[in-house]
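Trainee: Could you take me through one part of this model closely, and then connect that part to whatever else can be said with care?

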Amino acid sequence: MIKINNLDFAYKNTQVFKNISLEFQKGNIYGLLGENGVGKTTLLKLICGLQKPVHGSVTVDGITPSMREPQFLQNVYFLPEEVITEDTTPEKFIQKIGVFYPRYDFALFNQLMKELEVDLSKKFNELSHGQKKKALLACAMSLQTDYLFLDEPTNGLDIPSKALFRKVISQYCSDETTVIISTHQVKDVENLIDPIVILDKDDVLMNASFAEITDKIYFEYSPERLQDAYYTEMLPGGYINVMPNTEHLESNVNIEALFNAVMKNKETIKNLMK
Amino acid sequence: MDFNGHKPIYLQIYDHVCERILSGEFRSGDRVMSVRELGVELGVNPNTVMRAFERLQMKEIIATKRGIGFYVCEDAKEKILSEQKKDFLENEVPEFLKKMELYGLTMEDIIKCRV
């Protein structure tokens with residue numbers, strides 16, 4: 001389990017987190033959402049030990065990531081958004097870094113490269129952006145760490161690759177793994193991410209599973225805008241209304257509408273989900 | 001599989017498994033694919049598939065056996081059909097009747113449609 005307690009963090013004079021507390025339970029694929037610049041990447045960096053809290057604590061199964069102990073580092077992998085352009089093949093790259101990860105599986109790497117349809121003979125700098133991303137994803141997943149953090153993993157992937165991405169991530173997930181996907185492309189990870197964490201400037205607005213969300217919030221499709229909705233949006237054929245779920249009805253979470261509803265009613269929804 | 005926007009995904013997966021039982025792909029006593037296998041096939045969070053399976057178990061459409069995993073119950077087909085029949089009568093028929101009234105259709109008009 002990842003535990004964040006009363007965390008403060010700042011880059012020089014820019015405050016990023018102010019007294020936030022948050023937990024990530026294992027066995028889940030978390031979706032980390034938030035507007036540009038709220039600190040999604042920074043949070044991932046803090047959890048994997050690339051940054052150190054100013055105040056408060058971050059622990060992963062009781063270990064402090066910023067101590068950078070091998071026993072912790074061998075069980076976590078962070079795939080940043082920026083793509084490396086090393087003058088080497090993905091195969092050579094994974095063989096080089098694989099030695100640091102006890103569960104690294106070269107056969108799995110090959111299988112993933114095949115499933116994701118990446119040309120094995122090419123070097124990173126000869127691959128297209130999307131192919132590079134897929135190669136790095138195959139590398140990351142073949143390390144089989146319990147903690148896997150992906151920053152905007154679907155950026156640059158073509159349409160079939162996005163479906164493949166969902167399949168391989170679903171396959172990766174077990175009772176022991178914690179996957180956190182930071183993204184703006186919520187459509188790409190729809191039905192894959194659950195729970196959802198929504199970050200705001202200095203704050204955490206939501207950390208809830210779909211079951212918890214639909215228990216409190218109802219997503220209603222209607223021919224006109226409904227009163228009392230937290231948020232309404234026009235869709236082809238009508239409106240989607242994000243409503244308080246007063247009658248205990250079941251509905252499907254529309255992540256985009258949810259996000260916009262939370263952004264418009266920060267305190268209300270934060271209190272509602274408490 | 002294409003999910004629609006309105007119905008919770010776990011219920012759509014529930015329906016999906018029911019359809020596969022009705023079509024005869026999964027037969028009584030047969031092992032059903034695991035939560036993980038179905039999750040991968042659909043590209044869906046395994047926890048969501050688990051929720052669908054829990055509901056299938058609660059409705060006694062599938063059950064677990066140690067060492068085997070989930071298998072299809074003896075009278076799964078009958079249970080699914082009777083549930084769908086109930087849903088049809090309670091939800092679809094009233095909707096249908098409302099439309100008949102709106103368009104001024106009689107039972108005779110409907111019977112004429114039967115091939």
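**Chain B: two domains and a loop glycine**

Mentor: In this predicted model, the C-alpha centres of domain 1 of chain B and domain 2 of chain B lie 29 Å apart. The domain assignment places domain 1 at residues 9-75 of chain B and domain 2 at residues 78-113. A residue to look at in chain B is G67(B), which sits in the loop between strand β1 (62-65) and strand β2 (69-72) of that chain. G67(B) counts as exposed because it has 5 C-beta neighbours inside 10 Å, and the cut-off for calling a residue exposed is 12 or fewer. If you then follow chain B from G67(B) to M107(B), 40 residues apart along the chain, the C-alpha atoms of the two are separated by 54 Å.

Chain A offers a sheet to set beside this. Its open sheet of six strands runs in the order β5-β6-β7-β3-β8-β9, with mixed pairing. The edge strands of that sheet are β5 (76-79) and β9 (203-208) of chain A, each of which pairs on one side only, and the twist from one strand to the next averages 15°. Within the sheet, strand β3 (residues 28-34) of chain A and strand β8 (residues 196-200) of chain A pair in the parallel sense, over four bridges. For a single point of reference in that pairing, you can start from L33(A), whose bridge partner in β8(A) is I198(A).

Technical notes:
Residues numbered from 1 in each chain as written. Chains lettered and ligands numbered in written order. Predicted model: local features only at pLDDT ≥ 70, side-chain atom pairs only at ≥ 80, totals over all residues. Pairing = 2+ DSSP bridges. Helix = DSSP H or I, 4+ residues; strand = E, 2+ residues; numbered from the N terminus. Axes fitted to C-alpha atoms, helices over the stretch in contact; angles between N-to-C directions. Domains from an automatic or database assignment. Buried ≥ 20, exposed ≤ 12 C-beta atoms within 10 Å, placed from the backbone.
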